[in-house]
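Biologist: I'm new to this one and would like a quick tour. Could you put it on screen and let me ask as we go?

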Amino acid sequence: WDPVGAYRLPWPLIDGSVQLVNFLLLLWLYRKKILGTGEYFFFYIILHSFERFILEIWRNEKMGGSSYTVFGNITLFQVVAPFLILTSLAVVVIRHFLLQSAELAKKK
């Protein structure tokens, strides 16, 4: 279902722009050595899931009720994203503190 003259957001341009910002943020974190090895992947999962959760609101496939919607206007990814964010955040926090405590133990 595609109404004639309907305003459409340029989804690929918005998604690409946000992914560029995510990349620059991860690059900055890497240069500052803020996260440990392996934590960048999970931090990317957090960023990407948050971005997709927000951008799914304006995604074109939801016009007219498509198979992407699960509960009314909530898409499948919007249901899964909070679990991905919380799980990845837990992994990053636990790994970060475990690596810090391991480094402190080496120094003693």
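**Around Arg 52 and beyond**

Modeller: Sure, and keep in mind that the model is predicted. Let's start at Arg 52: leaving out residues up to four places away in sequence, Arg 52 touches Trp 11, Arg 59 and Phe 77.

Biologist: Is Arg 52 buried or exposed?

Modeller: Arg 52 sits in helix H2. Its relative accessibility is 19%, and the cut-off for buried is under 20%. So Arg 52 counts as buried.

Biologist: Which side chain makes a polar contact with the side chain of Arg 52?

Modeller: A polar contact needs a pair of N or O atoms within 3.5 Å. The side chain of Arg 52 has such a contact at 2.7 Å. The partner is the side chain of Glu 56.

Biologist: Let me step back a bit. In what order do the elements of the chain run?

Modeller: There are three helices and two strands to place in the chain. Starting from the N terminus, they run α-α-β-β-α.

Biologist: Which helix gives the most to the largest nonpolar core?

Modeller: That core has eight residues: Leu 26, Leu 29, Leu 35, Tyr 40, Ile 46, Leu 47, Ile 85 and Val 92. Helices H1 (11–32), H2 (39–55) and H3 (76–107) each supply at least two of them. The top contributor, with three residues, is H2.

Biologist: Tyr 40 is in that core. Which residues is Tyr 40 in contact with, leaving aside its neighbours within four places in sequence?

Modeller: Some of the partners are core members too, including Leu 26 and Leu 29. The full set for Tyr 40 is Leu 26, Leu 29, Tyr 30, Lys 33, Ile 34 and Leu 35.

Biologist: Now the outside. Which element gives the most to the nonpolar patch?

Modeller: The patch covers about 510 Å² and is made by Val 70, Phe 71, Ile 74, Leu 76, Val 80 and Leu 84. Strand E1 (69–71) and H3 each give two or more residues. With three residues, the most comes from H3.

Biologist: And how does Leu 84 count in terms of accessibility?

Modeller: Leu 84 is found in helix H3. Its relative accessibility is 32%, while buried needs under 20% and exposed over 50%. Therefore Leu 84 counts as partly exposed.

Biologist: Last one: how much of the chain's accessible surface belongs to carbon and sulfur atoms?

Modeller: The accessible surface of the chain comes to about 7900 Å². Of the 108 residues, 22% count as buried. The carbon and sulfur share of that surface is 71%.

Note on methods. Residues numbered from 1 in each chain as written. Predicted model: local features only at pLDDT ≥ 70, side-chain atom pairs only at ≥ 80, totals over all residues. Heavy atoms only, no water. Helix = DSSP H or I, 4+ residues; strand = E, 2+ residues; numbered from the N terminus. Buried < 20%, exposed > 50% of the residue type's maximum accessible area, 1.4 Å probe, protein only. Areas by Shrake-Rupley, 256 points an atom, 1.4 Å probe, with all protein chains shown as cover. Core = buried A, V, L, I, M, F, W, Y, C linked by side-chain atoms within 4.5 Å. Contact = heavy atoms within 4.5 Å. Patch = residues over 30% accessible without salt bridge, like charges linked within 9 Å, V, L, I, M, F, W, Y side chains within 5 Å. Salt bridge = Lys/Arg side-chain N within 4 Å of Asp/Glu carboxyl O. Polar contact = N/O pair within 3.5 Å; in protein donor to acceptor, adjacent residues only side chain to side chain.
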